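Student: I have a structure open and a list of terms I do not trust yet. Can we test each term against its cut-off?

Tutor: Yes. Ask away.

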Amino acid sequence: MSDALLSVQNLRIEFPTRRGTLVAVDDVSFSISPGEVLGVVGESGAGKSLTGNAIIGLLEPPGRVAGGAITLEGRRIDNLSYDRMRRIRGREIGAIFQDPLTSLNPLYTVGRQLVETILTHTDMTPTQARDRSIELLQEVGIPAAERRIDSYPHQFSGGMRQRVVIALALCANPRLIIADEPTTALDVSIQAQILALLRRLCRDHGTAVMLITHDMGVIAETANRVAVMYAGRLVEIGAVRSVIKQPKHPYTVGLMGAIPAIGSDVDRLSQIEGSMPRLTAIPPGCAFNPRCPHAFERCRSERPDLIASDESGVACWLFDEDASDVPMEVAGHA
Amino acid sequence: MPDAAAPAPSANGEVPLVEVVDLAKHFDVSKPFLNRLLEAEQRQVLRAVDGVSFTIPRGKTFSLVGESGCGKSTVARCVVGLYRPTQGAVLFDGTDIAGLRTRAQIRPFRKRLQMIFQDPYASLNPRWRVSNIISEPIRAHGLASSQQEVQSRIDDLLTHVRLTPADGEKYPHEFSGGQRQRISIARALASNPEFLVCDEPTSALDVSVQAQILNLMKDLQRELGLTYLFISHNLAVVYHVSDWVGVMYLGRLVEWGEKRRLFRYPRHPYTRMLLDTIPDLDMSGRDRQPVAGEVPNPINPPSGCAFHPRCPHANARCTEELPRALPVEGGGQVACHAVEEGRLAVEDRGTITPPPIEDALRAGA
């Protein structure tokens, strides 16, 4: 896609260890257009945060990008030096992390942190930067911003702190924001406020957002498209509505069935047996095959690729159109 | 608050297993004496829980929901006896267990109620084998006479929570979060309890694992006739597991009632607000209006009804007078001036079919 703001192709992240190399993210490809919210969903250990960290160049050693390409507005950013990447981070890509208390320096006022970030990334004078900081705090919905700018992080509540973190991410008007579990630490009523804020910023500024979360509800509320990850691989990608309403991959189907819904009086939730494999023991073929109710011979030996078009894609042999060996009853499910 | 006293035993005369009456827990959060003296400050009391009353019928699940800091975990801890209530009673099978003082008095009740905690990583001793962890209640309460009996009980419990007897030889770090929570459940079941208090048992787990644990808990309830007090902030989970639901805000129970009735006809404005925050997985395009404001500091709660600063229906009376808990048809109570005065009509949120009122009464209202 040429109009994509961010494009990730065949990303592979490895962790070299004494007992061999672990592949934490394998062959992940997706793109995000300007103004779009792409939700990345998966269980803990699925590799969603690693993918986000790789994009902003903050992979913790010994983890490293071992293959593939990350392009931002047509420029490769995965092979930049630390200094070049540092200038892109913050100016072109903003980041919001889960815990707002650890993303803010407790020793500096929020104003000082905002001003410092603005001065680093733009040509503003300190006075302009301070005015801009107040503007940003107002924009993210902090009441009495002129007064609150001189407060320290501990003087804010959790929801207000997360707003400050969002203001920090917005300092240099980035084109892309990586939001890693931005509402997980917050209460439901505050979560709704923060998600509404993210949606509004997206609409008003045309900022693209990569929203990493384990919560399908957050995705349904906020994202335009959703990518589902399992054991380091992308298993399904598509428009939020179609993935949530008609999930294709057996894992996504299981995941949706496992979410309790208000008003549905089922006695048992549908559950996926077992748990996600550890990185040291990813099964051959499709990583989901030991837990998949529809697995057949091919799933155990051959790995399905994500058959991706612009709109959607699913990595599952059940959806391989020119396959002849799909058992009949399974094909019926597909 | 005499008005908030628990309702009489259910229509068929059966005594509910657990009855919480006007429960309060206050924490002294004052500065040290010398600081108070020098800075001329008063004592400060955090009213974590105040005037909470509800009943749990035998074999049913009662859930408490609310945002962080609303006091739901404090209620749970008071009910199992980890905190001594400042005021009020916890009647377990007719006996006020909060009022018991000596070990000998408490002992017979200890094994009849157990607790499951939120974090399965912190609640299991990492240096003990699983079999040791599970057998501790058996040994502590002297429930088995021989080592073989203990061992067969451990194997039995592990099978019950869908693990294998061989898992008893392992250490907690060898298990995933969901499996650890199964171990916690096995430990809780070891003393043959009738009543389990579950404090956010699935909040630290992924959704697919959460489904496994919730299914297991429901199966165990059916098999063993357990009664649950379930604490959660997740309304969808609460809807799935509960028979009765109570909504807490700043230390008070603002509304409680039969699950389907509460979700279909929410009365208290805070309940309505919480229901509005549930993400819409049906993608019906409902335009969610996020509620403004945050939970105030519980050390200085707002006067009158604590919800009034965020409530769209608040008037002068709400800022001054604490609302009384009024009975609701079909069982349960609501504490709201607007509802009492009829200013706020009952809202019908469709789709959910509540049981006929007689059923609700028979279930223990």
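Tutor: Start with the salt bridge: a side-chain nitrogen of Lys or Arg within 4 Å of a carboxyl oxygen of Asp or Glu. This is a predicted model, in which local features need pLDDT of at least 70, side-chain atom pairs count only at pLDDT 80 or more, and totals for chains, interfaces and linings use all residues. Residues are numbered from 1 along each chain as its sequence is written, chains are lettered from A and ligands numbered from 1 in the order in which they are written, and side-chain values use heavy atoms, with hydrogens and water left out.

Student: What makes Arg76(A) and Asp78(A) a salt bridge?

Tutor: Their N to O distance is 2.7 Å. The cut-off is 4 Å, so the pair qualifies. Side chains of opposite charge can pair when their charged atoms come close.

Student: Why is Arg76(A) called partly exposed?

Tutor: Buried means under 20% relative accessible area, exposed over 50%, and partly exposed in between (1.4 Å probe, protein chains only). Arg76(A) has 40%, so it is partly exposed. Asp78(A), at 22%, is partly exposed as well.

Student: What makes Arg203(A) and Asp204(A) a salt bridge?

Tutor: Their closest N and O atoms are 3.9 Å apart, within the 4 Å limit, so the pair counts. Arg203(A) is exposed at 63%. Asp204(A) is partly exposed at 47%.

Student: Which parts of chain B does the pair of Glu200(B) and Lys72(B) tie together?

Tutor: These two form a salt bridge, with the closest N and O atoms 3.9 Å apart. Glu200(B) lies in the loop between β7 (195-199) and α7 (207-224), and Lys72(B) in helix α2 (residues 72-80), so the pair ties together parts that are 128 residues apart in sequence. Helices (H or I, at least four residues) and strands (E, at least two) are DSSP runs, numbered from the N terminus. Glu200(B) is buried at 8%, and Lys72(B) is buried at 6%.

Student: How many salt bridges does the structure hold?

Tutor: There are 41 over all chains. Some share partners: one network joins Asp267(A), Arg268(A), Arg162(B), Lys218(B), Asp219(B), Arg222(B) and Glu223(B).

Student: What is unusual about the phi of Arg162(B)?

Tutor: Its phi is positive, about 65°, although Arg162(B) is not a glycine. Most residues other than glycine have a negative phi, and most peptide bonds are trans. Arg162(B) sits in the loop between α5 (147-160) and α6 (177-189) of chain B. Its relative accessible area is 42%, so it is partly exposed.

Student: Which residue of chain A, in the loop between β7 (176-180) and α8 (188-205), should I look at?

Tutor: Glu181(A) is found there. Its phi is positive, about 50°, and it is not a glycine. Glu181(A) is buried: 9% falls under the 20% limit.

Student: Where is there a cis peptide bond?

Tutor: Between Pro61(A) and Pro62(A), with omega about 10°. Pro62(A) lies in the loop between α1 and β4 (64-72) of chain A.

Student: Why is helix α1 (residues 48-55) of chain A called mostly covered?

Tutor: Six of its eight residues are buried. They are Lys48(A), Thr51(A), Gly52(A), Asn53(A), Ala54(A) and Ile55(A). Just after α1(A), Gly57(A) takes a positive phi of about 70°.

Student: How do you know that the span of helix α5 (residues 126-139) of chain A is close to the expected one?

Tutor: The expected span is 1.5 Å times one less than the number of residues. With 14 residues, α5(A) reaches 20 Å from its first C-alpha to its last, close to the 20 Å expected. Among its buried residues are Ala129(A), Ile134(A) and Leu137(A). Their cover includes α4 (110-121), α6 (145-148) and α7 (158-170) of chain A, by contacts (heavy atoms within 4.5 Å).

Student: How do you know that chain A agrees with a compact globule?

Tutor: The radius of gyration is taken over C-alpha atoms, and the globule rule is 2.2 Å times the number of residues to the power 0.38. For 334 residues that gives near 20 Å; chain A has 21 Å, which agrees. Buried residues make up 53% of chain A.
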